[in-house]
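The following paragraphs explain a protein structure, moving from one side chain to the chain as a whole. Please keep the sequence and the coordinates in view while reading.

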Amino acid sequence: MGLPARGDGYGKAHIALEGGGDYKAAAVTTATAPTEAADPVPHRGRLLFSLFALYVIWGSTYLAMRFALEGFPPFRMAGLRFLLAGGVLFAGLRLKGQPGPGLRQWGASTVTGVLLLVMGNGGIALAQNLGVPSGVAALVVGSMPLWAAIFGAAFGQRPGRAELAGLVLGFAGVALLNLGGDMGGGVAALAVVVAPMAWAFGSVWSRRLPMPAGLMTPATQMLSAGVVMLGVSFALGERMADGVPPRALMSFVYLVVFGSLVAFSAYGYLLRHARPSLATSYAYVNPAVAVLLGVVFAGEALGAMTWVAMSAILVAVMLLARGKR
């Protein structure tokens, strides 16, 4: 799923969606860009690559998770992934001279990291491990802005007419997914529904917590969530496969390097050099990319009701974003 919520040092953000089961997690944000590293003239090639990274790389992480789960148990895979990515990012920031977070900031990062990554991303990994197709997981994560609007209302942000219409349409899409049977049942269905709820609540709540500045927020969230997920893995008795298949290992490396580090850096570049609406437009594209890749490369057969549900959820997200603007 998507990106962890950002602290004030990275610009105020309205979280609407952060894509799928991955550290991008599924959030449409309307953020102001940090000013300290902005170049006078953005490089066209870098802008295009950044858009490619957000649209394709983040959209592909659902399929990469499915392949990685062929050799890694869900919480072990996610825990190692975020511990490695968070450790690299944290070390790089410290080497560049950024001060380390204080105790209260570590506490806030741990709480939001558990909500966003352990319950959010970990829930998607668990659901996919129990048989939920990667495309369906992406679609359900696409409902995150619906929950964000509800939790935002609880904090005093009353939705307008367009947002209310988006809420009704979006939840109708999720209901269609459930009726079509693609969400599975039991623990799988519960995990895939709770994941975007936890991500949304963590995103909204993080705006009221003392988060670290700038990129130190996702670094500390990934580090703390990685430790917690490894603890959950050991508590559940997860065991690695006898010999990790090459495809699973390559997918895991892809998630660490491209899904977390490259794509997030591209997201930050777009926030600094492009309109927020362009930087966050990946939220409308990721579910469709994930569905397409799942059908082509994993043979996931999705019924007509799932395609209708995808259309409803995407239109609902657009209505929510338009209402906020």
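Is Arg-66 buried, partly exposed or exposed? With a relative accessible area of 31%, Arg-66 is partly exposed, where buried means under 20% relative accessible area, exposed means over 50%, and partly exposed lies in between (1.4 Å probe, protein chains only). The model is a predicted one, in which local features need pLDDT of at least 70 and side-chain atom pairs count only at pLDDT 80 or more, while totals for chains, interfaces and linings use all residues. Residues are numbered from 1 along each chain as its sequence is written, and side-chain values use heavy atoms, with hydrogens and water left out.

Arg-66 has a charged partner. Its side chain meets that of Glu-300 in a salt bridge, with 2.6 Å from N to O; a salt bridge is a side-chain nitrogen of Lys or Arg within 4 Å of a carboxyl oxygen of Asp or Glu. Because Arg-66 belongs to helix H1 (residues 44-68) and Glu-300 to the loop between helix H11 (282-298) and helix H12 (304-324), the pair ties together parts that are 234 residues apart in sequence. Helices are DSSP runs of H or I with at least four residues and strands are runs of E with at least two, both numbered from the N terminus. Glu-300, unlike its partner, is buried, at a relative accessible area of 6%. Side chains of opposite charge can pair when their charged atoms come close.

The structure holds two salt bridges. One of them joins Arg-247 and Glu-70, whose closest N and O atoms are 2.4 Å apart. This pair links distant parts of the chain, with Arg-247 in helix H9 and Glu-70 in the loop between H1 and H2, 177 residues apart. Arg-247 counts as partly exposed at 41% relative accessibility, and Glu-70 counts as partly exposed at 35%.

Arg-66 also appears among the contacts of Gln-128, a residue of helix H3 (residues 103-129). Contact means heavy atoms within 4.5 Å. Leaving aside neighbours within four places in sequence, Gln-128 is in contact with Tyr-62, Met-65, Arg-66, Leu-69, Ser-134 and Ala-137. Gln-128 counts as buried, because its relative accessibility is 8%.

Two further buried positions may be examined in turn. Ser-143 lies in the loop between helix H4 (134-141) and helix H5 (144-154), and its relative accessibility of 2% makes it count as buried. Not counting residues up to four places away in sequence, Ser-143 touches Val-174, Pro-196 and Ile-313. Its C-alpha is 9.5 Å from that of Ala-200, although 57 residues separate the two in sequence. Gly-166, found in helix H6 (residues 161-179), is buried with a relative accessible area of 0%. With residues up to four places away again not counted, Gly-166 touches Leu-146, Ala-316 and Leu-319. The C-alpha atoms of Gly-166 and Ala-149 are separated by 9.7 Å, the residues being 17 apart along the chain.

Two helices can be compared with their expected spans, where the expected span is 1.5 Å times one less than the number of residues. H2 has 22 residues and reaches 32 Å from its first C-alpha to its last, close to the 32 Å expected. It is followed by Gly-97, whose phi is positive, near 100 degrees. Helix H8 (residues 216-236), with 21 residues, reaches 30 Å, close to the 30 Å expected. Gly-237 follows H8, and its phi is positive, near 75 degrees.

At the surface, Met-240, Val-244, Leu-249, Val-253, Val-257 and Phe-258 form a nonpolar patch with about 430 Å² of accessible area together. Accessible areas come from the Shrake-Rupley method with a 1.4 Å probe; for residues, only the protein chains shown count as cover. Patches consist of residues with over 30% relative accessible area and no salt bridge, like charges being joined within 9 Å and nonpolar side chains (Val, Leu, Ile, Met, Phe, Trp, Tyr) within 5 Å. Phe-258 lies in helix H9 (residues 246-273) and is partly exposed, at 37%.

The chain has 12 helices and four strands, and buried residues make up 55% of its 325 residues. Its mean pLDDT is 79, pLDDT being the predictor's confidence in each residue, from 0 to 100. Over residues 2-39, pLDDT stays under 50. Where pLDDT is low, the predicted coordinates should not be read in detail.
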